[in-house]
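Biologist: Please take a close look at the part I have marked, and then follow its surroundings through the rest of the fold.

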Amino acid sequence: MSVDSYVHVFEPGTDSNAAPLLLLHGTGGNERDLLRVGRTLSPESALLSPRGNVSEGGGALRFFKRLAEGVFDPAEVTQRTHALADWIDAATKKYGLDPAQLLAVGFSNGANIAATLLQLRPASLGGGVLLRPMVVLDQPAAPGSLVGKRALLLNGTVDPIVPLDHPPRLAALLRSGSAAVTQQFIAASHNLTPTDVSAAQTWLRGGSTISR
Ligand code: MLT
C-alpha cells in the first residue's frame, strides 16, 4: 500500500515523547477538519490526518459506506478497515512514527473506523479518543489483542444518531480484548463541544475524569 493511496496531511511533532495523533474526520469532512482540535489536544504531537475515500450522496466523504442511517455492510466495513490499517502501516513507516504510540482522535464516522481498527487490526493503534462512536461491527476484540491499549468513548445524551445502548456495548467489545476503556456521556448531541475537548485533554494527560 502506497502512502499516497489516501490524500492526507502530516504535521511533524516537536516532542518525540508526545503521542502522535491519527485524526479521522466525520461524514462530509476532510483531512483538515480536526487539525485544530488535534493541536489543541496535544500541541507537541505529530498529526497524521487522512481523507476518507468513500463518497456518499453528493460527495460527502467517509471511511466506509453507509446503507442507511446506522446500517452498514460488515464485509465492506472490514475491507475498508484493513485498507486504512495497511495505509497506517505505510504512513507510520514513512514518517517515522511508532504505531503502538499512535492515538486516534476520531469524530462520528472517524470514531467508528477507529473502533473497527481496534477490533480488527489492533496493531495499528495504541488506542484513541472516540467522539460519538457507535457499534458498527458487533464483534468482540480478540482476547488479549488490546492489552496495553486505551480508549476514551465520549457520547452525547441527546444524540439522534447513536442509540444510548451502543456506547456501553462498544466499550464491552473493546474490553473483550483487554483495552482500558473509559466510557462517558456528556450533555450533548452529535456535535463536538468544549466538554469533549477538556475530557480528551484530561484523558490524554493520563487522568480519566471529566469536567462538566
Ligand atoms: C456512520 O455512518 O459512521 C455513523 O452514522 C456516523 C455518521 O457518519 O454520521
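Modeller: Ser-178 sits in the loop between α4 and β9. The model is predicted. Phi of Ser-178 is near 75°, a positive value in a residue other than glycine. Is Ser-178 buried, partly exposed or exposed? Ser-178 is partly exposed, at 41% relative accessibility.

Take the two flanks of this loop. On one side is α4, residues 166-175, which supplies at least two residues of the largest nonpolar core. On the other side is β9, residues 180-186, an edge strand that pairs on one side only.

Leu-174 reaches into both neighbourhoods. Leaving aside residues up to four places away in sequence, Leu-174 touches Ala-179 and Val-181. Leu-174 also touches Ala-115, Leu-118 and Gln-119. Ala-141 and Leu-146 are further contacts of Leu-174, as are Ala-151 and Leu-153.

That leads to the core itself. The largest nonpolar core has 43 residues. Leu-174 is among those with the most contacts inside it, and so are Leu-170, Leu-153, Trp-87, Leu-84, Leu-24 and Leu-22. Besides α4, β2 (21-24), α2 (74-95), α3 (109-120) and β8 (150-156) each supply at least two residues of this core. A second, separate core of 18 residues includes Val-9, Leu-41, Val-129 and Leu-152.

Now the sheet. β9 belongs to an open sheet of seven strands. The order is β1-β3-β2-β6-β7-β8-β9, and the pairing is mixed. The edge strand besides β9 is β1, residues 8-11. From one strand to the next, the twist averages 10°.

Next, the pairings. β7, residues 127-131, pairs with β8 in the parallel sense over five bridges. Gly-127 stands opposite Arg-150 in β8. Toward β1, the sense changes from pair to pair: β1 and β3 are antiparallel, over four bridges, while β2 and β3 run parallel, joined by two bridges. His-8 stands opposite Pro-50 in β3, and Leu-21 stands opposite Leu-47 in β3.

β3 deserves a second look. In a regular strand, side chains alternate between the two faces of the sheet. Leu-47 and Ser-49 point one way from β3, and Leu-48 and Pro-50 point the other way. All of these are buried.

Two helices pack on this sheet. α2 touches β1, β2 and β3 (47-50). The direction of α2 makes about 145° with that of β3. α3 lies across β2, β6 (103-107) and β7. α3 runs at about 140° to β6.

How do the two helices meet each other? Two packed helices are described by the angle between their axes and the distance between the axes. The axes of α2 and α3 come within 9 Å and cross at roughly 85°. α2 and α3 are therefore roughly perpendicular to each other. From α2, the contact takes in Val-77, Thr-78, Arg-80, Thr-81, His-82, Leu-84, Ala-85 and Ile-88. From α3 come Ile-113, Thr-116, Leu-117 and Leu-120. These residues divide into seven nonpolar, four polar and one charged. Leu-84 also appears among the core residues with the most contacts.

Another residue of α3 leads back to the backbone theme. Asn-112 is found in α3. At 5% relative accessibility, Asn-112 counts as buried, because the cut-off is under 20%. Leaving aside residues up to four places away in sequence, Asn-112 touches Phe-64, Arg-132, Pro-133, Met-134 and Val-136.

One of those contacts, Arg-132, echoes the starting point. Arg-132 lies in the loop between β7 and β8. Arg-132 has a positive phi of about 65° although it is not a glycine. Its exposure is another matter: Arg-132 is buried, with a relative accessible area of 0%, whereas Ser-178 is partly exposed.

For a loop residue at the exposed end of the scale, take Gly-57. Gly-57 lies in the loop between β4 (54-56) and β5 (60-62). Gly-57 is exposed, with a relative accessible area of 79%. C-alpha to C-alpha, Gly-57 is 9.9 Å from Gly-28, which is 29 residues away in sequence.

Back to the loop you asked about. Ser-178 has its positive phi in the stretch between α4 and β9. Next to Ser-178 in number, Ala-179 is touched by Leu-174.

Notes. Residues are numbered from 1 along each chain as its sequence is written. This is a predicted model: local features need pLDDT of at least 70, side-chain atom pairs count only at pLDDT 80 or more; totals for chains, interfaces and linings use all residues. Side-chain values use heavy atoms; hydrogens and water are left out. A nonpolar core is a set of buried Ala, Val, Leu, Ile, Met, Phe, Trp, Tyr and Cys residues joined through side-chain atoms within 4.5 Å. Buried means under 20% relative accessible area, exposed over 50%, partly exposed in between (1.4 Å probe, protein chains only). Contact means heavy atoms within 4.5 Å. Axes are lines fitted to C-alpha atoms, for helices over the stretch in contact, and angles run from 0 to 180 degrees between N-to-C directions. Angles under 35 degrees count as roughly parallel, over 145 as roughly antiparallel, 65 to 115 as roughly perpendicular and the rest as oblique. Ala, Val, Leu, Ile, Met, Phe, Trp, Tyr, Cys and Pro count as nonpolar, Asp, Glu, Lys and Arg as charged, and the others, Gly among them, as polar. Two strands pair if DSSP finds at least two bridges between them.
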